[in-house]
Amino acid sequence: MKKRTLSLIAALALSAAVLTGCGKASDGNSPESSVKIAYLPITHALPVLEEAEELEKENGLKVELVKFGSWPELLDALNTGKVDGASVLIELAMKSKQEGVGIKAVALGHHDGNVVIVSNSINDGADLKGKTFAIPHRQSSHNILLNEVLEKSGLTVDDINVTELAPTEMPSALASGQIDGYCVAEPFGAMGVATGAGKVLYTSEELWEDSVCCGLVLTDKFIENETDKAKSFVESYKKAGAALDAETAKKTAEKYFKQSSDVLDISLQWISFDDLEISEETYTLLTDKVKKYGLSDNPPSYAEFVKNDFQ
């Protein structure tokens with residue numbers, strides 16, 4: 001059994017290695033009929049991947065997907081204008097906006113879809129005391145969810161060792177004992193479960209009902225110079241999200257992710273792509289948590305950061 005588990009871990013690690021290839025935005029401008037969007041190969045980006053399949057068929061607007069292997073690489077492309085937009089951790093985008101980058105959040109990426117994974121020896125949040133826990137970035141809903149677990153268990157971040165790892169590294173780090181738990185975008189939580197290296201301690205909705213994580217952002221330049229194109233793109237994106245039932249989501253994921261059917265089945269049971277508009281109520285709750293857990297003292301206001309109207 002041990003040999004079989006290690007073989008599965010190795011296979012999944014190889015799959016992860018394939019996903020870490022960083023796409024590079026080409027020099028110069030996108031073709032007139034395209035919109036260039038950065039993404040990481042995670043289930044949270046499925047609406048933009050599904051949209052890329054359908055948008056050109058509908059109105060000739062092509063989504064040029066630019067794949068990255070880490071959030072810092074993607075953020076650099078977004079912040080320097082090498083892409084027109086991105087599917088990105090919304091807290092990262094908020095921080096960029098706070099620092100003066102010209103971007104707007106135009107839709108959510110999903111609802112829920114995250115899990116807190118721990119080693120099999122951990123039975124509750126209190127067992128995390130003195131342990132090492134990985135998140136992909138301090139500016140993330142995964143950091144918020146970790147803090148929710150700790151608060152629920154009478155602990156704080158001072159009671160554990162928090163480390164940042166790339167999503168692809170977390171399942172193998174848990175399997176090898178380098179970390180004792182993690183929270184990250186899917187399908188990497190499901191990979192930890194599928195290998196038997198860990199288990200789900202909490203799903204995101206148990207900690208933060210209807211939680212948000214990734215969002216779709218566009219640059220101010222693209223919105224202002226290509227308003228009609230931006231409007232069409234966002235409308236199509238929301239439509240693509242609404243179309244992502246279990247069967248469609250899995251088919252799209254199988255095309256873009258080198259993951260087993262079992263991993264995708266586990267992963268997709270935790271996420272929803274319905275109603276991707278960012279409401280003021282949802283954003284206010286997010287900013288409250290961002291401030292509460294020290295991600296930012298002064299996140300951008302709803303009016304400054306969120307754009308729902310393209311008139």
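**View 1. Helix α4 sits mostly inside, with 7 of its 9 residues buried, so the rest of the structure largely encloses it.** Buried here means under 20% relative accessible area, against over 50% for exposed and partly exposed in between, using a 1.4 Å probe and protein chains only. The buried residues of α4 are Ile90, Glu91, Leu92, Ala93, Met94, Ser96 and Lys97. Helices are DSSP runs of H or I with at least four residues, strands are runs of E with at least two, and both are numbered from the N terminus. A word on the model itself: it is predicted, so local features need pLDDT of at least 70 and side-chain atom pairs count only at pLDDT 80 or more, while totals for chains, interfaces and linings use all residues. Residues are numbered from 1 along each chain as its sequence is written, and side-chain values use heavy atoms, with hydrogens and water left out.

**View 2. Just past α4 comes Gly100, with a positive phi near 100°.** Gly100 belongs to the loop that links α4 to β4 (103-108). Is this glycine buried or exposed? Its relative accessibility is 64%, so Gly100 counts as exposed. Asn79 is 21 residues away from Gly100 in sequence, and the C-alpha to C-alpha distance between the two is 9.5 Å.

**View 3. Back at α4 (residues 90-98), the helix gives the most to the lining of the second largest cavity, with 4 residues.** The whole structure holds 2 cavities of 30 Å³ or more, and the second largest has a volume of about 30 Å³. For the search, a 1 Å grid is laid over the protein atoms alone, and a cavity is a set of points where a 1.4 Å probe fits but cannot get out; lining residues have an atom within 4 Å of a point. Grid points are joined across faces, edges and corners, and the volume is the space filled by probe spheres set on the points. Which residues line the second largest cavity? They are Glu91, Met94, Lys95, Gln98, Gln139, Val290, Ser296 and Pro299. Sorted by class, this lining has 3 nonpolar, 3 polar and 2 charged residues. In that scheme Ala, Val, Leu, Ile, Met, Phe, Trp, Tyr, Cys and Pro are nonpolar, Asp, Glu, Lys and Arg are charged, and the others, Gly among them, are polar.

**View 4. Five strands make an open, mixed sheet, in the order β2-β1-β3-β11-β4.** At the edges stand β2 (62-67) and β4, each with a single partner strand, so one side of each has no neighbour in the sheet. From one strand to the next the twist averages 30°, with axes fitted to C-alpha atoms and angles running from 0 to 180 degrees between N-to-C directions. Two strands count as paired if DSSP finds at least two bridges between them. Strand β1 (residues 34-39) pairs with strand β3 (residues 85-89) in the parallel sense, over 2 bridges. Within this pair, look for Ile37 opposite Gly85 in β3.

**View 5. Strand β9 is tucked away: 5 of its 5 residues are buried, so the rest of the structure largely encloses it.** Strand β6 (residues 114-119) pairs with β9 in the antiparallel sense over 5 bridges, and Val116 stands opposite Cys183 in β9. Strand β7 (residues 132-135) runs parallel to β9, joined to it by 2 bridges. There, Ala134 is the residue opposite Tyr182 in β9.

**View 6. After β9, the backbone has a cis peptide bond from Glu186 to Pro187, with omega near 20°.** Pro187 lies in the loop between β9 (181-185) and α7 (188-194). As background, most peptide bonds are trans, and most residues other than glycine have a negative phi.

**View 7. Two aspartates, Asp112 with phi near 55° and Asp275 with phi near 50°, have positive values.** Asp112 is part of strand β5 (residues 111-112), and its 13% relative accessibility is why Asp112 counts as buried. Asp275 is a loop residue, between β12 (271-272) and α13 (280-292). With 60% relative accessibility, Asp275 counts as exposed.

**View 8. Zooming out for context, the chain has 14 helices and 12 strands.** Of its 311 residues, 57% count as buried. Among contacts in the chain with a separation of 6 or more, 81% come from residues 24 or more positions apart, where contact means heavy atoms within 4.5 Å.

How values were computed: 1 Å grid on protein atoms, 1.4 Å probe; cavity = no way out; pocket = protein on both sides within 12 Å on 5 of 7 lines; lining within 4 Å.
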